[in-house]
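Q: Please take a close look at the helix packing in this model. A connected account of which residues meet, and at what angles, would be appreciated.

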Amino acid sequence: MESFTLSHLKQLEAESIHIIREVAAEFEHPVMLYSIGKDSSVMLRLAQKAFHPGPIPFPLLHVDTRWKFREMIQFRDRVARETEVRLLVWTNPDGLAQNINPIEHGSEKHTQVMKTDALKQALDHHGFDAAFGGARRDEEKSRAKERVFSFRNRFHQWDPKNQRPELWNLYNAKVRKGESIRVFPLSNWTELDVWLYIHREKIPIVPLYFAAERPVVERDGVLILVDDDRLPLRSGETPQLRRVRFRTLGCYPLTGAVESDADTLEKIVQEMLLATTSERQGRVIDYDGAASMEEKKKDGYF
Amino acid sequence: MTNHEPSTTRRQMHIPDADRIRDDIVGYLRQHEEKDLLRLLTCGSVDDGKSTLIGRLLYDTRMIYEDQLAAVIKDSLVHGTTGTDFDPALLTDGLKAEREQGITIDVAYRYFSTSKRKFIIADTPGHEQYTRNMATGASNCNLAVVLIDARNGVVTQTKRHSFIVSLLGIRHVLVAINKMDLLDWSQDVYETIRRDYNDFVARLGFGDIHFIPISALHGDNIVTPSPNLPWYRGPTLLHHLENVNIVTDRNLIDLRFPVQYVIRPNLDFRGFAGTVASGVLRVGDEVMALPSKQLSRVKSIVTQDGTLDGAFPPMAVTVTLADEIELSRGSLLVHPNNVPRVDSNVEAMLVWMDETPAREGTSFLVKHATNVIPGALAEIRYRMDVNSMRRMPAAEPGQPAALRLNEIGRVHLTLHRPLAFDPYTRNRQMGAFILIDRLTNATVAAGMIVDRAIGRGRRAGKDEPVSQNLSQETSAVSLDQRQALLRQRGGTVWLTGLSGSGKSTIARELEQRLFAEGHLCYVLDGDNVRHGLNRDLGFSAADRTENIRRLGEVARLFNEAGVIVITAFISPYRQDRARARDIVGAGRFFEVFVDAPLEVCETRDPKGLYRKARAGQIPEFTGISAPYEAPEEPSLIVDTTALSPGDAAARIIECIAPLFAE
């Protein structure tokens, strides 16, 4: 300790813990959105650290579109059991009744109904006034300006012109009834930081991140995993076993796999560092136009 | 001068350390897990090339992928300023609307890293009306990159940005003189700008200023040394960012642990969670809780990764105490012999950030550390003209006093209950606060508590007056009025150095010259203080500390009277001088290190003291049998082996003139 210096990871960790504690102290009904991805895994570990030896004083919320990879759901349920955290799962009942799905309705509509609308329903239903998300500023251009405490009006909308200035580590947690704050404790982490931390802390992640033989079909240049029999095969398509992994996880018909031999954390980081395309390229929803993520955010998408 | 062509047009990604990543990923990970963190701010005017510089850093350290680059090249055709060429500025532009206006209008955060450090860039606009964004971006930074367009030199905005950087407590400044390519890489241009910048910045008190000539567009001196600038021998911009020493920026002296959250999973465990704001907390330490003033001992420091022996900033830990004392969110743990000020009156510099102007009498919520306390803006004392760095009246003629959006002013706040705080210049975390509007919940201002609540306020604990029956009367004549009468501003020139370094001689010389220029000044030295006021004090460390404290208080009284004080004392301990600075007020305290090596001083030995000390006749003699801690960041160093006393005095006057001029 005598050198009184902290590595950047320990500094990021301390900053995130500070943010998480601040939310627990200042809000009445916080919730942590849990997407089952690697960033959520890191965020969950930070929450455990923040309140150790006590329990995490807020629940996790997973918005289940019913189209997540099966391995994600298994992982989610195991984590909830092992960490003794309260897990809430929400699926949009209207969307479910109308059988909204990515196959027939397309990515945009599916995401809108089963993800964005579902999230708003869940937050309203439970009356949450603060929701943690695992988004990072390095992920995407429009996120570079996102606050750690991102203010949402009572319609859950984000107004880029009306965000509170954020100085030092003094976060303004004041909201009126119905308004809320989305909180991003990983704002200052980069993808590399997240992987380094997972490596250093030995944090479990969904096995889909690691390369394995999996049945996939190639569609419009994207490798789609045939995760269950709901994916209708086009004529001439037969699932092939290929050695693939996922850089990012979401709804399986909307998430492209990459061919890879990276079956350990070290190899994943190695592959990432030597790669020349960015993480979000595997996500189908980003292709909708240059500023599409910004539009989605205004509407309440995370 | 066309060595840059390949870098602007290349499409092939260069991956730093690619071989290492391929051959030794485990070693690579280990190294990167241990790297350091630097937060920096970039400031410059609209066309100084700020976005280009950041784009260049991201590009050259490969924080940009091919698909992102492809998108930028596509964008370059629509929005870019470089024709069909790659415009690095577009890598960093943000929201759609802003991109179409061609300006950035908010704070954006960018990330890149090398094997030594991770960097977080707060990218803030140079646009006139966005003081608030710059203050926001600067609040967490260790270093500021001030961009100057070599064609324009030091302009008003350069000064404004530097002032805000200094106001927000950034100590390291890197002046990047950009677009050198457009001026034929002229050394004269560089030197002129360097001189101009040094001239005006002297009064801002930065500890560390560096200058680097660059071309951000072409990558000269950004990552690799430029062959176009053979006369420049210093580091590249990235090399400087990788190596600048920021460890000493932190306050490791004053323990301040604001309790953020109480963890109580069961009756056997009661832990106080929080982030160490400053100082070092160790197991076994005696601690005082504020505001209750109850004492206890640190029983353990708990983390999920195991218990620790100690914690320092910015660690987030959980503390348990030996006794059940009154402690909750908003409380503060400190060492009982080093306590902050506790007061419900606060003097601060305020950056106003809301469309609705600040008015005297308005009430707010004040968020400071982990406290949220109601309070009111009692008085706007004056406003600062950020361009000239001069004070302006709080009110426009015929108007009530007000602070408008992007204005900076000195204010007096009254709080509903006392707050424990330190001056911002000494302790960033404990001197900073935000104001929250009680109706809209907007964050309307950022505040920095000034060194001393002049004329009001008291300190708690050891520094509190012993008598409980003291009250402070506010004089009917103000400091401003006294200073106006004397046509000068009070201040203290604090000379420190070894015995025989030349302090007293320089002090007398300085006194004479200042007086000749019409300044009322007074020298405090051993002759007039040690024989009277401090006759009860010897030369032990404790007595030296008390000696300096009294000197500080006397200097402050003189300064309050409008007089310039010159002190000539060895004042060997850094902490004592820091305390004197606190007492006097950093804004009017000018520390001069009178520097001469021990051997030289010993040869001079004007009073024969070294000889006696060597003979063992004087115990605890500085330099021989007691330590001298040279200043780490003095306002000025005068080397008396090179300068005559007269030259040294002239040099000091040159630097203090803007500080003490009326």
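A: **Helix packing within chain A and across to chain B**

In this predicted model, helix α2 (residues 38-51) of chain A and helix α6 (residues 191-201) of chain A have axes that come within 10 Å and cross at roughly 60 degrees. Because angles from 65 to 115 degrees are needed to count as roughly perpendicular, α2(A) is classed as oblique to α6(A). The crossing of these two helices, α2(A) and α6(A), is left-handed. On the α2(A) side, the contact is formed by K38(A), D39(A), V42(A), R45(A), L46(A) and K49(A); on the α6(A) side, E191(A), V194(A), W195(A), Y197(A), I198(A) and E201(A) meet them. Sorted by class, the contact of α2(A) with α6(A) holds 6 nonpolar and 6 charged residues, with no polar ones.

A further helix pair joins two chains. Helix α7 (residues 265-274) of chain A packs with helix α3 (residues 25-33) of chain B at an angle of about 80 degrees, their axes lying 10 Å apart. The two helices, α7(A) and α3(B), are therefore roughly perpendicular to each other. From α7(A), the residues E266(A), V269(A), Q270(A) and L273(A) meet I25(B), V26(B), Y28(B) and L29(B) of α3(B). This contact of α7(A) with α3(B) divides into 6 nonpolar residues, 1 polar and 1 charged.

As for the chain that contributes α3(B), chain B has 19 helices and 29 strands. Of its 662 residues, 57% are buried. Among the contacts in chain B with a separation of 6 or more, 73% are between residues 24 or more positions apart. Chain B exposes about 27,200 Å², of which carbon and sulfur atoms supply 50%.

How values were computed. Residues are numbered from 1 along each chain as its sequence is written. Chains are lettered from A and ligands numbered from 1 in the order in which they are written. This is a predicted model: local features need pLDDT of at least 70, side-chain atom pairs count only at pLDDT 80 or more; totals for chains, interfaces and linings use all residues. Side-chain values use heavy atoms; hydrogens and water are left out. Helices (H or I, at least four residues) and strands (E, at least two) are DSSP runs, numbered from the N terminus. Buried means under 20% relative accessible area, exposed over 50%, partly exposed in between (1.4 Å probe, protein chains only). Contact means heavy atoms within 4.5 Å. Accessible areas come from the Shrake-Rupley method with a 1.4 Å probe; for residues, only the protein chains shown count as cover. Axes are lines fitted to C-alpha atoms, for helices over the stretch in contact, and angles run from 0 to 180 degrees between N-to-C directions. Angles under 35 degrees count as roughly parallel, over 145 as roughly antiparallel, 65 to 115 as roughly perpendicular and the rest as oblique. A crossing is left-handed if the near helix is turned anticlockwise from the far one by less than a right angle, and right-handed if clockwise. Ala, Val, Leu, Ile, Met, Phe, Trp, Tyr, Cys and Pro count as nonpolar, Asp, Glu, Lys and Arg as charged, and the others, Gly among them, as polar.
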